[in-house]
Amino acid sequence: GAVVDLTPDNFDDFVGGDKPALVEFFAPWCGHCKALAPEYEVVGSTFQPSDPVVVAKVDADAHRDLAGQFDVKGYPTLKWFSANSKSPSDYNSGRTADDIVEFINGKTGLNRRVKKEPSAVSHLSSRDFDSIVMNPEVDALVEFYAPWCGHCKALAPTYEQVARDFDGESKVVIAAVDATANQDLASRFGVQGYPTIKYFPRGENKEAEDYNMGRDEQSFLDFMNAKAGTHRVSGGGLKSTAGVIEELDEFVHRFLMAHEDHRAPIVDETAAKVTELGDSVVETGEYYVKAMNRVMTKGASWLTKESKRLGNMVQKAAMSSVRKTEVMLRKNV
């Protein structure tokens, strides 16, 4: 289905007949109409042509006489026309696609649902906020939004991309909270406008910090990489430095320059250094030692073959984002 564009020439063909109709009267220059437009298009696509309802719109600025017949005085105005009737009632419910679809379902007895694309953003409520965001092991970025907020809608696609960029980071959460439906959370964290974005650092006794940088993808990436110690780039990839441990550079150099018969002690030294560095190198430290051992048993050519193998693995679409991250880190090493 799709939203039907009505004019004085075709209005009677769609309104007042066997099917009821929801009609939006809008003006092209109207800001609120522009904010509603994408939501209203979703409503149109939710209902099929075979469904007993019409979802339509009228450019009331271009067809003022038609709008005037139904006492349209502001934009956007939505009106419900029952079947076989030209006497509408005003629509006064919410302005999200879910709200409008729920209204139409109630009027028609249908049970349609808005199709939603899978989201990488963790949508939280009061029920699960603390267990996820306040987890001391994660860094979390949380957007507090309102469904009707134009700035929130404008931010949504960028924020979704940021969530996808960090999807492979098991210790990073990119989340969103509907502040109008979870007012206790909004009050708890001093949310007074939309969108409000706050950062929650890992560790015990978390204190929320305001996010005041840019609203573009790169600004979010720079902020979270600096705060969480990650190395993400646009598209979900990793910087070439991710996983590389500077403290082990000396050991790698000595290992590669040493004669084969003299490499074993260097491997032992490297393993000891990895143990000494502890959690700070947990992601790739052990792989340094494993790679050295493989070179000793299979020769230096193993490095080229392994790099190619890992590169091919990264290209596999079926691989989970977390597993792909592990592979990319090893490839960098």
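## Ring pairs, salt bridges and confidence in a predicted chain

The mean pLDDT of this chain is 89, and 93% of its residues reach 70 or more; pLDDT is the predictor's own confidence in each residue, on a scale from 0 to 100. This is a predicted model, so to speak of local features here a pLDDT of at least 70 is needed, side-chain atom pairs count only at pLDDT 80 or more, and totals for chains, interfaces and linings use all residues. Residues are numbered from 1 along each chain as its sequence is written, and side-chain values use heavy atoms, with hydrogens and water left out.

Confidence varies along the chain. Among its elements, strand β9 (residues 196–200) has the highest mean pLDDT, 98, while helix α13 (residues 321–332) has the lowest, 67. Where pLDDT is low, the predicted coordinates should not be read in detail. Helices (H or I, at least four residues) and strands (E, at least two) are DSSP runs, numbered from the N terminus.

**Aromatic rings**

The structure holds 17 aromatic pairs. Rings of Phe, Tyr and Trp (its six-membered ring) pair if their centres lie within 6.5 Å; planes under 30 degrees apart count as stacked, over 60 as edge-to-face, and the rest as tilted. One of the pairs is F25 with F70, which is tilted, at 6.1 Å centre to centre and 40 degrees between the planes. F25 lies in strand β2 (residues 21–26) and F70 in the loop between α3 (64–68) and β4 (77–81), so this pair ties together parts that are 45 residues apart in sequence. Both ends are tucked away: F25 is buried at a relative accessible area of 0%, and F70 counts as buried at 10%. (Buried means under 20% relative accessible area, exposed over 50%, partly exposed in between, with a 1.4 Å probe and protein chains only.)

What kind of pair do Y91 and F103 form? Their ring centres are 4.8 Å apart and their planes stand at 85 degrees, so the pair is edge-to-face. It links distant parts of the chain, with Y91 in the loop between β5 (89–90) and α4 (97–108) and F103 in helix α4, 12 residues apart. Y91 is buried at 6% relative accessibility, and F103 is buried too, at 18%.

Helix α4 also holds N105, which counts as buried at 8% relative accessibility. Leaving aside neighbours within four places in sequence, N105 is in contact (heavy atoms within 4.5 Å) with F47, L110, N111, R112 and R113.

Ring pairs also link Y159, Y199, Y211, F220 and F223 into a cluster. Y211 is worth a closer look. Y211 sits in the loop between β10 (209–210) and α8 (217–228) and is buried at 4% relative accessibility. Not counting residues up to four places away in sequence, Y211 touches L141, I197, K198, S219, F220 and F223. Its side chain also reaches the backbone oxygen of G214 at 2.5 Å. As for long-range geometry, Y211 and S85 are 126 residues apart in sequence and 52 Å apart in space, C-alpha to C-alpha.

One ring has a charge for company: the charged end of R263 sits over the ring of F255, 4.7 Å from its centre. That label applies if NZ of Lys or CZ of Arg is within 6 Å of the ring centre and within 35 degrees of the ring normal.

**Salt bridges**

Side chains of opposite charge can pair when their charged atoms come close. A search of the whole structure finds 16 salt bridges, each being a side-chain nitrogen of Lys or Arg within 4 Å of a carboxyl oxygen of Asp or Glu. Here are some of them.

| Salt bridge | N to O distance |
|---|---|
| K57 and D5 | 3.7 Å |
| K73 and D71 | 3.6 Å |
| E250 and R254 | 3.6 Å |

K57 and D5 link distant parts of the chain: K57 is in strand β3 (residues 54–59) and D5 in strand β1 (residues 4–6), 52 residues apart. K57 is buried, with a relative accessible area of 18%, whereas D5 counts as partly exposed at 49%.

Are K73 and D71 buried or exposed? K73 is exposed, and so is D71.

E250 and R254 are 4 residues apart in helix α9 (residues 249–257), so about one helical turn separates them. R254 is partly exposed at 29% relative accessibility. Elsewhere, salt bridges that share partners join D5, E41 and K57 into one network.

Methods: A polar contact is a pair of N or O atoms within 3.5 Å; within protein, one must be able to donate a hydrogen and the other to accept it, and residues adjacent in sequence count only if both atoms are side-chain atoms.
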